[in-house]
Amino acid sequence: MREFGGEDVMEQILSILPPKTLKRFKCVSQRWYALITSPRFVAKHLYNSMHNNLSTSVLMKREVHKDTNTDETEELFSFLHFRNDEDNDVDGVHDEHSFLSSIQEFHIPFPTGVKTPNESLIIIGHCNGVICLAQAVSGEVILCNPAIHEYKLLPPSPHLPDSDWPCSPLFRFRDGLGFGQDPNFNEYKVINIGFPAPELSTPDGFNIYNPPKAAVYTLGTDSWREIRTDSLETETTILWPEQFQMHFKDMCFWRGHEQHKELDVSDAGKEEFIRDVIIMFDTGDELFHGIILPDEFDYPLKNYFGGQLLVWKNSVALLGRQFRELSFGIWVMDEFGGPNGGAWTKYISFELPVEPLIFWKSDEVLLNDYNGTNYSGLIFSYNLGTKKLKNLPIQSKRTDSTAIVHVNSIVSVLGGNKLNSKDNSTLNADFSVFKYSSPPISHYMVDKKTYSYSVWAIPSDDVSLRIKKVMEGLRTEFGGPEINPHIAVVGSICMKYEDMLNKFRSLQSIVISSYKAKVNQVVTRSSYFQCVSLLIDSSSEELSLATGVCAAEFNFWNDVRPHLSLLYGYLTEEERKKAEEKVCILDESISSLSFSVTRLALYKIDYKDISLKSWQKIVEYPLQFE
């Protein structure tokens with residue numbers, strides 16, 4: 001057994017002390033200051049805090065009356081410190097508050113000056129004791145570590161098109177924000193996602209939705225930079241992150257949805273979104289990934305809604321609520337199973353008297369009954385096993401109370417104690433903060449998750465050859481992968497392989513005959529998979545019928561405007577205009593081309609593979625000429 005010297009014992013004792021005490025101890029001597037602020041000690045202290053099984057700290061934003069004589073309220077941030085032991089008896093007498101050891105209020109200053117009457121701080125996310133907040137009105141972003149009273153106002157983000165939704169309640173600046181840590185360089189990152197408003201309806205009645213744009217702020221460089229978002233799109237659809245949920249094992253998680261890139265505005269009675277999804281962002285490689293929800297959250301089985309993500313028993317879990325009931329369920333992600341990389345297993349069902357605020361333990365839930373008649377404004381802790389409801393001695397009157405499980409750390413947001421990746425390799429394995437008790441999110445799961453299936457309409461061989469010559473001319477000047485000429489009839493199909501294959505085979509008895517497709521014009525888009533394409537006339541009754549039947553077979557109900565892409569890529573607006581002119585030079589009559597669709601094919605597609613080398617044809621069948 002290793003013998004500890006005096007220095008080792010002192011460091012070990014200091015590493016388990018609270019941040020407030022360590023902040024005072026930095027003044028003892030230069031040697032203590034150097035030790036406590038060193039990256040190695042900060043990592044050791046963080047490891048001990050994260051593995052403290054004796055207590056749990058919850059940070060809660062709540063609203064209370066300033067005094068009993070007025071209706072005026074104020075916003076408070078409170079630390080609730082819970083004991084994790086199950087014995088709540090004090091001197092033999094049961095005390096329901098004894099498991100709550102203390103409540104600590106603190107104030108987060110507004111760095112930009114005077115707080116306006118409607119100003120509020122929104123908790124975006126947290127990681128290793130660092131909290132990301134946003135000001136509700138101004139949109140300014142703040143990083144803080146309340147344990148050591150450090151606050152940092154971030155510089156303005158590059159312009160992202162969220163401001164293009166001036167009157168929309170659906171997309172607010174804070175919905176696109178996320179926060180996490182890059183494990184490769186031990187950097188803290190803020191992700192900002194902007195949502196462009198749809199382009200004005202085109203003459204044939206379609207709205208065009210462009211992919212989101214994104215920027216990443218890195219604390220170490222104190223700067224923003226824009227990043228690519230091609231992993232948020234498929235040939236026909238876009239993934240839209242909507243509400244940030246959490247950071248866990250090097251991944252940021254949002255709830256979001258998937259929708260078509262172009263929608264018929266006359267389809268008012270149809271679903272605007274294809275499905276709800278979970279969107280992950282790998283803070284290391286800075287790529288987005290989409291994950292479908294459990295079957296119970298999607299049609300035809302849909303009987304749960306909500307989809308709040310949480311860490312439950314050290315796994316990614318999903319909390320859902322049944323329609324019209326206060327009955328809930330928790331699904332846990334199996335990182336290595338399922339047809340799309342990650343399967344969901346339902347672990348538990350339970351009922352609650354009100355909506356849950358947060359799981360502060362796997363079997364203990366905080367509840368805030370802001371709408372109740374008898375318990376309005378009260379905060380409770382509810383145990384799923386014993387079904388005991390414990391009233392806490394605090395209140396909140398707001399409908400958007402939020403709470404997070406907080407780790408007390410001395411991680412600085414002002415710089416000075418960053419642990420470099422090379423330094424991490426020298427750390428004692430017993431306290432390395434980067435050593436997970438279970439593996440990080442499986443990259444096998446992440447990679448498989450991008451696979452989906454698409455039904456393609458294939459032109460006749462002579463037309464395909466003609467289109468390929470145009471494609472080759474564009475690639476010679478602008479680059480890009482080689483594309484097999486096709487119209488994506490149904491894109492982004494996510495279902496079990498056998499079910500998907502059976503549905504495609506059933507099309508052979510429904511869509512039997514070849515049909516005509518006519519090009520309306522050459523168009524360009526800002527999205528990767530529709531950079532330059534031939535816009536197909538969607539008013540053709542023959543084409544619309546065949547397309548609608550195919551879509552309905554795979555549970556897609558929106559009328560989608562068909563394209564035949566000539567070039568995949570990211571071009572500037574000037575380059576796109578030049579490419580559009582190039583198409584007409586290469587084939588001056590292609591903008592009025594009419595051709596027959598002679599085959600339907602089913603493809604397996606990995607949309608992260610923009611080289612298309614892994615795209616695979618599964619099966620196809622010929623259409624009959626009448």
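Buried, in these legends, means under 20% relative accessible area. The model shown is a predicted one, so please read each view with that in mind.

**Figure 1. The whole protein, before we zoom in.** Let's start with the overall picture. The protein holds ten helices and 35 strands. Of its 626 residues, 53% are buried. Among contacts with a separation of 6 or more, 64% involve residues 24 or more positions apart. The accessible surface is about 28,800 Å², and carbon and sulfur atoms contribute 50% of that surface.

**Figure 2. Tyr568 and Trp615, a ring pair between two loops.** Are these two residues buried or exposed? Both Tyr568 and Trp615 are buried. A total of 27 aromatic pairs is counted in the protein when ring centres must lie within 6.5 Å. Later we will meet Trp254 and Phe288, but here the view is on Tyr568 and its neighbours. Ring pairs join Tyr568 and Trp615 into a cluster with Trp456, Tyr528, Phe529, Tyr570, Tyr603 and Tyr607.

**Figure 3. Trp254 and Phe288, a tilted ring pair between two strands.** As a reminder for this view, a pair of aromatic rings is described by the distance of the centres and the angle of the planes. By the pairing rule, the count for this protein is 27 aromatic pairs. One of them is the tilted pair of Trp254 and Phe288, with 6.3 Å from centre to centre and 50° between the planes. Trp254 belongs to strand β16 (residues 251–260) and Phe288 to strand β19 (residues 287–292), so this pair ties together parts that are 34 residues apart in sequence. Trp254 has 0% relative accessibility and therefore counts as buried. Phe288 also counts as buried, because its relative accessibility is 0%. Tyr568 and Trp615, from the previous view, likewise form a tilted pair, 6.3 Å centre to centre with 50° between the planes. That pair links distant parts of the chain, 47 residues apart: Tyr568 sits in the loop between β33 (563–567) and α10 (573–586), and Trp615 in the loop between β34 (594–606) and β35 (616–622).

**Figure 4. Strand β16 and its two antiparallel partners.** Here we follow the strand that carries Trp254. Nine of the ten residues of β16 are buried, so the rest of the structure largely encloses this strand. On one pairing, β16 runs antiparallel to strand β15 (residues 237–248), and ten bridges join the two. Phe248 stands opposite Met251 of β16. Two residues lie between β15 and β16, which form a hairpin, and Lys249 in the turn has a positive phi of about 50°. Strand β18 (residues 275–282) is also antiparallel to β16, with eight bridges between them. Within β18, Ile279 is the bridge partner of Trp254. When you trace any of these strands, it helps to recall that in a regular strand the side chains alternate between the two faces of the sheet.

**Figure 5. Lys261, a buried lysine with polar partners.** Lys261 sits in the loop between β16 and β17 (262–264). Its relative accessibility is 2%, so Lys261 counts as buried. What does the side chain of Lys261 meet through a polar contact of 2.6 Å? The partner is the side chain of Glu233. A polar atom of the Lys261 side chain also lies 2.7 Å from the backbone oxygen of Thr234. Leaving aside residues up to four places away in sequence, Lys261 touches several others, among them Asn207, Tyr209, Thr236, Ser527 and Phe529. Phe529 will be familiar as a member of the ring cluster in Figure 2.

**Figure 6. Lys61, a buried lysine in strand β1.** Lys61 is part of strand β1 (residues 55–65). At 2% relative accessibility, Lys61 is classed as buried because the cut-off is under 20%. A polar atom of its side chain lies 2.9 Å from the backbone oxygen of Leu121. Lys61 and Glu75 are 14 residues apart along the chain, and their C-alpha atoms are separated by 7.1 Å.

**Figure 7. Leu534 and its surroundings in strand β32.** Leu534 lies in strand β32 (residues 532–536). With a relative accessible area of 0%, Leu534 is buried. From C-alpha to C-alpha, Leu534 and Val523 are 6.2 Å apart in space, and they are eleven residues apart in sequence. Not counting residues up to four places away in sequence, the residues that Leu534 touches include Val519, Val522, Pro562, Leu564, Leu566 and Ile590.

Conventions
Residues numbered from 1 in each chain as written. Predicted model: local features only at pLDDT ≥ 70, side-chain atom pairs only at ≥ 80, totals over all residues. Heavy atoms only, no water. Phe/Tyr/Trp six-rings, centres within 6.5 Å; stacked < 30°, edge-to-face > 60°. Helix = DSSP H or I, 4+ residues; strand = E, 2+ residues; numbered from the N terminus. Buried < 20%, exposed > 50% of the residue type's maximum accessible area, 1.4 Å probe, protein only. Pairing = 2+ DSSP bridges. Contact = heavy atoms within 4.5 Å. Areas by Shrake-Rupley, 256 points an atom, 1.4 Å probe, with all protein chains shown as cover. Polar contact = N/O pair within 3.5 Å; in protein donor to acceptor, adjacent residues only side chain to side chain.
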